[in-house]
Amino acid sequence: MGKVQRFGSVSRLKADRAEYYQQLHAAPWKQINDMIKECNLQNYSIYFDGEYLFSYYEYVGENYEADMAKMAADPENQRWWGECIPCMNPLSGDGPWMNMKEIYHLD
C-alpha cells in the first residue's frame, strides 16, 4: 500500500437535478463501488448542503494518474458519469469539480 494522499473537491448541483443526484448516490451501482476500490480509493464521501457538494477520498495506491485513467476508461464508469455530470453546474472551466488544497490534517 502506498502513502495515503487525501483529496477534497467542491461542486454545485443544478436545483432541478439535485434529487436525482442524491437518488443515484443512495444506491450506487455495484460496479462503480468496485471500480473505486480497484483504483485504490478509500474513505470516499460526498456531502450535500443546499446546492453544494463536498467530496473527500483517500488514495492508497502507487500510481494515481494510472488509476484515474483506468477509472476514466471503464465503460460502466463512463455511463455513471453520464448520469451524474449533467446534474452539476461547473464551478470552473475545468469541469464540475474543483480540487481543493489540503491545508490542515489531524490523525
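**Exercise 1.** Work out which parts of the chain the Arg6–Asp107 salt bridge ties together.

*Solution.* Start with the contact: the side chains of Arg6 and Asp107 form a salt bridge, with N to O at 3.7 Å. The term asks for a side-chain nitrogen of Lys or Arg within 4 Å of a carboxyl oxygen of Asp or Glu. Next, place the partners: Arg6 sits in strand S1 (residues 5-13) and Asp107 in the segment after strand S5 (98-100), so parts 101 residues apart in sequence are tied together. Strands (E, at least two residues) and helices (H or I, at least four) are DSSP runs, numbered from the N terminus. Finally, check accessibility: Arg6 is partly exposed at 24%, whereas Asp107 is exposed at 81%. Here buried means under 20% relative accessible area, exposed over 50%, and partly exposed in between (1.4 Å probe, protein chains only).

A word on the source: this is a predicted model, in which local features need pLDDT of at least 70, side-chain atom pairs count only at pLDDT 80 or more, and totals for chains, interfaces and linings use all residues. Residues are numbered from 1 along each chain as its sequence is written, and side-chain values use heavy atoms, leaving out hydrogens and water.

**Exercise 2.** Find the elements that hold Lys70 and Glu38, and say how exposed Lys70 and Glu38 are.

*Solution.* First, the contact: Lys70 and Glu38 meet in a salt bridge at 3.2 Å, N to O. Then the location: Lys70 belongs to helix H3 (residues 64-73) and Glu38 to helix H2 (residues 30-38), so the pair links parts 32 residues apart in sequence. Last, Lys70 is partly exposed at 37%, and Glu38 is partly exposed at 44%.
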